[in-house]
Amino acid sequence: DPYSSDPKRHPVLRINSQKPFNAEPPPELLTDSYITPSAIFFKRNHLPVPQVDPASYRLHVEGLPGGVLTLSLEELKTRFPKHTITATLQCAGNRRSEMNQVKQVKGLNWGIAAISNATWSGARLRDVLLAAGYGPDVAKWACHVQFEGLDKDVTGTTYGSSIPLNKAVNEEGDVLLAYEMNGEDLPADHGYPVRVLVPGTVGARNVKWLGKIIVSAEESNSHWQQNDYKGFSPGTDWDTVDFKSAPAIQELPIQSAITTPADGAVVNRSGEEVTVKGYAWSGGGREVVRVDVSLDGGKTWQVAQLRSTEKEQAPKPSPPPGRAWAWKLWELTAPLPPEAQELEIVCKAVDNSYNMQPDTVPPIWNLRGVLSNAWHRVKVNIRE
Ligand code: MTE
Ligand code: MO
């Protein structure tokens, strides 16, 4: 069993698939802390977790005029400045289960918690590429930076993906070759000893157990870059889909969801108020500037309170424009509407480009169930 050496996992995780291991935390735990503890951070593996010996680990950087640069873990840590960012990772399939309710899609049936937030530390990819010979001449022919993981399927094919070269070399791109998560060595499930962390970009490009970096004129030709993680029209089906016709997902759209109360929960009339909590995030470093909450299915709206620190901490100033990599947690406490027996709680977020979420799923339904970001709705009963 190639999965026999997979690490132990926290029992609270909700498992979507055991082999490979795919799991998300219970939603209400997600908004208990601004920084998601690594043990409950969602886990999305396509293959068995590789066991990597830190002493013999080597990272290869290819495709630059200087030839191949090979770095040990020690060299990666000591030759380059250590940079730390707080960034949210979201799987393209987060909230896929809501698409399944409209019409069957292919993929893991994720709820609303295939998203988590952590601090990440490591060398800047930009610094490593510069050390490997990157310069303005390279940008004349190269457009992409490809990544290969050390995890392999039975045929020896490794997980891989790529990002645009611009994102990789931009001083404000903040792409890291991360060796720490939440102040500790990366856990095995999250890519020990090194993963690429591409803030603002879909989870799939954040390659774990990173073995190789290739600067190239072409995108990665891996299955996950070419024939997966792309969006299509609701009218496209498996007979007509042409994966070449759509771009690979990179930056993700605006997203928000309600983590508490849960769908079907009961609130007591005697409490007089209801507290609603959730998360909101947008891709590409766009900052969430507002979250609207409705208790009546979208007829009337109130503005939630946003937070970008742990509860007890003083508010942080906004990040520089285009570098809002981390989510906001939000909360609204409102009086229970006098006559209602049931609430349909809805949330929708707005980012600083005034992108907003679509109100329903059918117009964004797609056969792979990716990019599921309609207004999130939960129904709650009021007990008199
Ligand atoms: N990297 C490797 N090497 N193998 C993988 O299966 N899965 C990707 C990405 N990087 C994957 C990978 C996907 S689809 C996602 S959503 C994120 O890792 C999940 O990261 P996490 O498990 O740290 O939450
Ligand atoms: Mo993913």
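## Strands S4 and S5

In this predicted model, strand S4, which covers residues 58-62, runs antiparallel to strand S5, and four bridges join the two. One of the residues in this pairing is Leu-59, whose bridge partner in S5 is Leu-71.

## The sheet they belong to

Both strands are part of an open sheet of five strands, in which the order is S5-S4-S13-S8-S9 and the pairing is mixed. Strand S5 (69-72) and strand S9 (158-164) stand at the edges of this sheet, and because each has a single partner strand, one side of each is left without a neighbour in the sheet. From one strand to the next, the twist averages 15°.

## The surroundings of ligand 1

Around ligand 1 there are 20 residues, and those that come nearest are His-46, Cys-91, Gly-149, Tyr-159 and Gly-203. Two elements, strand S3 (43-44) and strand S8 (144-152), give two or more residues each to this shell; strand S8 also has a place in the five-stranded sheet described above. When the residues of the shell are sorted by class, nine are nonpolar, six are polar and five are charged.

## The largest nonpolar core

The largest nonpolar core of the model has 100 residues, and the ones with the most contacts inside it are Leu-176, Leu-177, Ala-178, Val-196 and Ile-345. Strand S21, made of residues 342-351, gives the largest share of this core, namely six residues.

Where does this core lie with respect to domain 1 and domain 2? Since residues of both domain 1 (14-245) and domain 2 (255-383) belong to the core, it lies between them.

Key
Residues are numbered from 1 along each chain as its sequence is written. Chains are lettered from A and ligands numbered from 1 in the order in which they are written. This is a predicted model: local features need pLDDT of at least 70, side-chain atom pairs count only at pLDDT 80 or more; totals for chains, interfaces and linings use all residues. Two strands pair if DSSP finds at least two bridges between them. Axes are lines fitted to C-alpha atoms, for helices over the stretch in contact, and angles run from 0 to 180 degrees between N-to-C directions. A residue is near a molecule or strand if its C-beta atom, placed from the backbone, lies within 6 Å of it. Ala, Val, Leu, Ile, Met, Phe, Trp, Tyr, Cys and Pro count as nonpolar, Asp, Glu, Lys and Arg as charged, and the others, Gly among them, as polar. A nonpolar core is a set of buried Ala, Val, Leu, Ile, Met, Phe, Trp, Tyr and Cys residues joined through C-beta atoms within 7 Å. A residue is buried if 20 or more other C-beta atoms lie within 10 Å of its own, exposed if 12 or fewer, and partly exposed in between; C-beta atoms are placed from the backbone. Domain bounds come from an automatic or database domain assignment.
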